[in-house]
Amino acid sequence: MIAAGLVPLSAAERAHEARVVAKIREAIEDAGGWLPFSRYMELALYAPGLGYYSAGAHKLGAGGDFVTAPELTSVFGRCVASQCAEVLATLGDGEILELGAGSGALAADVLGELARRGTLPAAYRILEPSPDLRERQARRLGALPVDIRRRVTWLEGVPQGSFRGIVLANEVLDALPVERFRVGAAGFEALGVAIEGERFGWRTAPASQALAADLAALATDLATPLPTGYVSEACVVLDPWLAAVTEPLRAGIALLIDYGLSRRAYYAPQRDGGTLTCHHRQRRHDDVFVNVGLQDLTASVDFTRVAAAAVAHGLRVAGYTSQAHFLLGSGFEQHLALVRAAADPSREPLCARAAARLVLPGDMGETFKCIALARDYDGALGGFSLRDFTASL
Ligand SMILES: C[S@@+](CC[C@H](N)C(=O)[O-])C[C@H]1O[C@@H](n2cnc3c(N)ncnc32)[C@H](O)[C@@H]1O
């Protein structure tokens with residue numbers, strides 16, 4: 001990806017970036033001159049009061065840095081609601097726990113559709129680490145009818161008790177900090193961050209024991225060895241994170257949606273520069289050392305890692321499919337027809353185009369995948385009924 005045409009920062013943004021840079025420089029110096037990339041990503045995104053998700057950047061939506069599926073059209077949330085309704089009906093009751101709810105758009109659409117069907121969950125809990133986004137969600141969901149909004153609460157951490165229902169996350173896995181690595185002549189090296197004059201730069205260090213073990217296990221899944229010089233990422237924190245957020249789920253599914261690939265496709269020889277991507281003002285590029293604290297940093301999801309972590313923590317992979325197949329299996333056409341019928345005629349073509357983006361193979365339809373991880377649930381899952389690619393994981 002090309003870092004051409006970066007949008008210039010305002011004076012206030014440059015001042016904010018300088019504060020984030022100072023914080024990360026301090027962390028690098030404290031660590032002896034080298035920081036694992038995962039720590040750099042964590043600080044750039046989540047340093048309290050400074051990081052991209054912790055401070056006031058607008059982030060999601062047309063006026064922000066990137067647009068997610070729920071921001072594009074309510075058809076996405078209505079389809080997700082159909083899948084939730086099926087699970088809640090099979091369980092007889094239940095709750096929804098949404099992780100990383102962004103602007104609250106998905107929650108609003110899911111709850112709206114469930115209310116329309118008369119199948120509202122007993123509770124809709126949100127776990128959102130960004131104080132700024134939590135406020136935005138509260139404003140948006142506070143405008144819903146009282147019978148809906150009284151079910152919505154925000155959690156300070158992973159719920160302590162247990163519940164039946166659905167854990168839902170759209171585009172959250174890609175925001176987890178990743179390690180970056182390089183295949184050196186003598187084995188795996190960690191690519192971390194060092195200070196280079198006024199800027200940050202990449203520097204290699206021997207991979208820690210934990211990272212080397214993780215990468216050695218990963219390599220055994222690949223058809224061909226990774227060549228020397230190969231660069232990519234590994235989301236080592238995914239396993240403990242998934243364990244924590246699904247631990248309270250007694251019966252039901254975790255429905256995770258994100259851009260990503262099976263392991264063999266992710267670490268294919270030709271994808272030798274990794275998948276790190278930055279989003280700033282609707283532009284994508286790969287320079288993680290500019291707009292520090294002001295741009296989103298993401299990496300595609302290795303869904304084989306997700307599946308392995310799930311199985312290790314007592315969940316079953318109940319389905320893995322493309323977003324297009326998931327949505328089409330969840331009533332996409334009917335939901336789209338309803339949304340188009342309700343739209344102002346002048347906006348109707350726009351509506352249809354936005355929805356098409358969700359399912360088109362060259363757009364979000366194939367890049368994005370959906371995985372269902374079940375615990376004590378063997379009911380039907382309409383979203384995974386058209387095609388199931390679990391065998392590719
Ligand atoms: C790319 S945004 C997606 C927002 C929303 N789900 C959507 O689809 O529009 C990533 C979201 O994940 C949240 N997030 C980041 N790390 C998280 C974590 N460890 N646990 C839960 N949410 C997290 C962010 O604060 C943000 O709300």
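1. Helix α6 covers residues 131-142 in this predicted model. With 12 residues at 1.5 Å a residue, helix α6 should span 16 Å, and its end C-alpha atoms are indeed 16 Å apart, so the expected and computed spans agree.

2. Which residues of α6 are buried? They are Leu133, Arg136, Gln137 and Leu141. Viewed down the axis of α6, the buried residues fall within an arc of 120 degrees, and therefore they line one face of the helix. Glu135 and Arg139 are exposed on the other side of α6. The cover over the buried residues of α6 includes helix α5, strand β3 (124-127), α7 (146-149) and strand β4 (152-155).

3. Helix α5, which is part of that cover, runs over residues 105-117. Asp109 lies in helix α5. Asp109 is buried but has no salt bridge. Its nearest side chain of opposite charge is Arg140, 5.5 Å away, and a salt bridge needs the nitrogen and oxygen within 4 Å, so this pair does not count as one. Setting aside neighbours within four places in sequence, Asp109 is in contact with Pro70, Thr73, Ser74, Gly77 and Arg78.

4. Helix α5 also holds a pair that does meet the rule. Arg117 and Glu113 form a salt bridge, with their closest N and O atoms 2.9 Å apart. The two residues are 4 apart in helix α5, which means that about one helical turn separates Arg117 from Glu113. Arg117 is partly exposed, at a relative accessible area of 38%. Glu113 has a relative accessibility of 2%, and because buried means under 20%, Glu113 counts as buried. A network of salt bridges links Glu113, Arg116 and Arg117.

5. How many salt bridges are there by this rule? The count comes to 18. One of the pairs is Arg281 with Glu13, whose side chains meet at 2.4 Å, N to O. Arg281 sits in the loop between β11 (277-280) and β12 (283-285), while Glu13 belongs to helix α1 (residues 11-30); the pair links distant parts of the chain, 268 residues apart. Arg281 is partly exposed, its relative accessible area being 31%.

6. Another salt bridge joins the side chains of Arg305 and Asp214, at 2.7 Å from N to O. Arg305 is in helix α11 (residues 303-312) and Asp214 is in helix α8 (residues 209-220), so the pair ties together parts that are 91 residues apart in sequence. Arg305 is buried, with a relative accessible area of 10%. Asp214, at 19% relative accessibility, also counts as buried, because the limit is under 20%.

7. On the nonpolar side, the largest core has 72 residues, and Ile24 and Leu373 have the most contacts inside it. Helix α2 (residues 37-46) gives the most to this core, with 6 residues. Which residues does Ile24 contact, leaving aside its neighbours within four places in sequence? They are Leu35, Tyr40, Leu43, Ala44, Phe200 and Val292.

8. Apart from the largest core lies another core, of 52 residues. Among its members are Ala107, Ile126, Val359 and Ala372. In soluble globular proteins, nonpolar side chains tend to be buried together.

Methods
Residues are numbered from 1 along each chain as its sequence is written. This is a predicted model: local features need pLDDT of at least 70, side-chain atom pairs count only at pLDDT 80 or more; totals for chains, interfaces and linings use all residues. Side-chain values use heavy atoms; hydrogens and water are left out. Buried means under 20% relative accessible area, exposed over 50%, partly exposed in between (1.4 Å probe, protein chains only). A nonpolar core is a set of buried Ala, Val, Leu, Ile, Met, Phe, Trp, Tyr and Cys residues joined through side-chain atoms within 4.5 Å. Contact means heavy atoms within 4.5 Å. The expected span of a helix is 1.5 Å times one less than its number of residues. The arc is that of the directions from the helix axis to the C-beta atoms. Lys and Arg count as positive and Asp and Glu as negative; His and the chain ends are not counted.
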